[in-house]
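I opened a notebook on a structure that was new to me. These are my entries, in the order in which I looked things up.

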Amino acid sequence: MTDELTPETPDEDEQPIKQRKNGLYPGVSDELAENMKSGWADTELHDLQPVEQAPNAARRRAALSARFPGERLVIPAGNLKTRSNDTEYAFRASTEYVYLTGDQTDDSVLVLEPTKDGHEATIHRLPRSNRENGEFWLDGMGELWVGRRHSLGEAEALLGVPCKDVRELAGALKEATGPVRVVRGHDAGIEAALTDKVTAERDEELRVFLSEARAVKDDFEIGELQKAVDSTVRGFEDVVKVLDKAEATSERYIEGTFFLRARVEGNDVGYGSICAAGPHATTLHWVRNNGEVRSGDLLLLDAGVETHTLYTADVTRTLPVNGRYTDLQRAVYDAVYEAQEAGIAAVKPGAAYRDFHDAAQRVLTEKLVEWGLVEGPVERVLELGLQRRWTLHGTGHMLGLDVHDCAAARTEHYVNGTLEPGMVLTVEPGLYFQADDLTVPEEYRGIGVRIEDDILVTDDGNRNLSAALPRRSDEVEAWMAGLLGK
């Protein structure tokens with residue numbers, strides 16, 4: 001990583017230049033400073049077209065405006081977070097900001113100012129780097145170091161919203177009067193400017209509204225989720241083709257293989273990939289991915305590509321590393337498949353959200369009783385929740401800009417709510433027999449199976465967005481054999 005230049009210590013009131021303590025250049029000569037001000041071509045972009053989601057974002061802002069008339073609403077994108085010393089994590093804008101703008105720029109803030117007729121939206125963001133004071137080449141975040149950013153005019157054309165310099169926003173908010181709400185947790189500077197104007201309760205109402213607004217997806221969002229799923233399917237195919245290399249190395253080869261697909265076709269992975277081989281498959285969120293991959297074991301791969309617009313897939317398959325399930329692995333897998341079939345069948349408009357979970361849990365409980373792993377009857381086991389020793393988790397969740405989308409929604413609107421067309425959720429039952437679980441026969445121990453698909457609620461039922469990825473055990477084996485040329 002290249003070391004930035006270090007200018008002479010500037011007057012803090014005059015130059016916003018961040019310096020590195022041990023830079024190799026002691027200062028900047030007047031001649032060099034003057035030279036760097038000129039001789040640069042005009043790179044302003046013209047005839048830009050609005051981003052695809054701009055009209056959708058405008059409708060979302062209108063709904064937000066109608067919900068909170070007469071109040072100033074502040075939605076930050078967030079700031080860069082330090083990874084170590086002077087390196088930062090890759091930036092991911094806040095879900096609320098992306099949902100309302102279609103933009104992903106760090107340090108930006110959407111402000112809805114109340115008017116007689118609703119609200120006037122403005123996006124506050126960093127303009128192009130200043131060339132007169134040397135910011136563009138002396139500041140570690142100047143454009144010479146981190147790349148060109150859109151001018152305020154370009155951003156207006158792309159987003160369809162007036163744009164202003166965000167560096168003036170905190171001062172303006174400090175002087176503002178009237179009721180204000182802010183989405184917390186993303187921009188400490190903006191929150192500090194509003195500290196005497198907001199309350200936690202009122203701000204939470206804003207966050208809850210924006211979470212519930214995302215429950216029903218529009219056509220653009222459904223299209224993006226399908227793109228995410230399609231790339232994810234290709235990522236799973238990539239993994240199967242290199243299982244021999246994973247056996248020679250570790251689960252990290254699987255993680256890296258899937259990540260390559262996510263970066264080539266999307267923005268990133270939507271969450272830490274779970275590449276759990278052997279007994280690691282019984283750990284729900286195994287993201288260390290440093291274990292062995294052995295022939296004869298199962299690989300539980302739970303991964304999702306995040307699109308350039310930040311919508312993510314969330315898909316799981318449990319695959320035999322050598323391409324063939326053992327009899328016991330197949331029995332457990334088929335039980336989970338049957339439970340998932342029951343869960344998916346329960347996803348339809350007008351159904352209670354909980355129905356798909358209850359349907360899947362009943363099938364798994366029936367299997368556990370049938371195998372003699374828990375004493376029936378089934379109704380007793382379900383009433384006491386005894387099956388949860390091996391089923392562990394809920395059978396699904398909402399999906400969208402967040403892998404666990406709509407998480408701040410009120411319980412009565414989410415898990416106690418009703419399914420509507422346009423909702424997208426995962427259906428992902430599983431059975432997990434821990435390696436140290438002495439209550440099950442030894443041959444079960446260390447087997448973990450989960451099958452997960454992304455399901456769109458339609459007007460007349462549902463559509464499996466990830467149907468291109470085989471689910472039934474015999475189909476999985478045939479699919480793997482085809483990819484491996486066997």
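The entries below go from the core to helices, strands and salt bridges.

**Entry 1: the model.** I noted before anything else that this is a predicted model.

**Entry 2: the core.** I looked up the largest nonpolar core and found 85 residues in it. Leu 64, Ile 254, Leu 431 and Phe 433 touch the most other members. Helix H10, residues 219–241, gives this core its largest share, 9 residues. A second core, separate from that one, has 17 residues, including Val 347, Tyr 353, Leu 425 and Val 427.

I then listed the contacts of Leu 431, leaving out residues up to four places away in sequence. Among them are Val 332, Leu 364, Leu 368, Trp 371, Trp 390 and Ile 447.

**Entry 3: helix H14.** Does the length of H14 agree or disagree with the expected span, and what is that span? H14 covers residues 355–370, and its 16 residues should span 22 Å at 1.5 Å a residue. I found its end C-alpha atoms 23 Å apart, which agrees.

I listed the buried residues of H14 next: Phe 356, Ala 360, Gln 361, Val 363, Leu 364, Thr 365, Lys 367 and Leu 368. Two of these names, Leu 364 and Leu 368, also appear among the contacts of Leu 431. The buried residues of H14 pack against helices H13, H15 and H16 and against strands E13 and E14. Just after H14, Gly 372 has a positive phi of about 75°.

**Entry 4: helix H9.** I checked H9, residues 200–213, in the same way. Its 14 residues reach 20 Å from the first C-alpha to the last, close to the 20 Å expected. Asp 203, Leu 206, Val 208, Leu 210, Ser 211 and Glu 212 are buried in H9. The cover over the buried residues of H9 includes helices H2 and H3 and strands E1 and E7.

**Entry 5: strands.** I followed E1 from there to its partner. E1 runs antiparallel to E4, residues 109–115, and 4 bridges join the two. Leu 73 has Leu 112 in E4 as its bridge partner. E4 is also joined to E5, residues 118–125, by 7 bridges, again antiparallel. A hairpin through 2 residues connects E4 to E5, and Thr 115 stands opposite Gly 118.

I found another hairpin through 2 residues between E16 and E17. These strands, residues 453–458 and 461–464, run antiparallel with 4 bridges. Thr 458 is paired with Gly 461 there.

**Entry 6: salt bridges.** How many salt bridges are there? I noted 38. I looked at three pairs and one network.

Arg 261 and Asp 238 form a salt bridge, with the closest N and O atoms 2.7 Å apart. Arg 261 is in helix H12 and Asp 238 in helix H10, so the pair ties together parts 23 residues apart in sequence. Asp 238 is buried, at a relative accessible area of 16%.

Arg 450 and Asp 302 meet at 2.9 Å, N to O. Arg 450 lies in strand E15 and Asp 302 in strand E10, so this pair ties together parts 148 residues apart in sequence. Are its two ends buried or exposed? Arg 450 counts as buried at 3% relative accessibility, and Asp 302 counts as buried at 5%.

Glu 292 and Arg 294 form a salt bridge at 3.7 Å between the closest N and O atoms. Glu 292 is exposed, at 53%, while Arg 294 is partly exposed, at 35%.

Last, I noted a network of salt bridges that links Arg 92, Arg 214, Lys 217, Glu 306, Asp 402 and Asp 405.

Definitions and conventions
Residues are numbered from 1 along each chain as its sequence is written. This is a predicted model: local features need pLDDT of at least 70, side-chain atom pairs count only at pLDDT 80 or more; totals for chains, interfaces and linings use all residues. Side-chain values use heavy atoms; hydrogens and water are left out. A nonpolar core is a set of buried Ala, Val, Leu, Ile, Met, Phe, Trp, Tyr and Cys residues joined through side-chain atoms within 4.5 Å. Buried means under 20% relative accessible area, exposed over 50%, partly exposed in between (1.4 Å probe, protein chains only). Contact means heavy atoms within 4.5 Å. Two strands pair if DSSP finds at least two bridges between them. The expected span of a helix is 1.5 Å times one less than its number of residues. A salt bridge is a side-chain nitrogen of Lys or Arg within 4 Å of a carboxyl oxygen of Asp or Glu.
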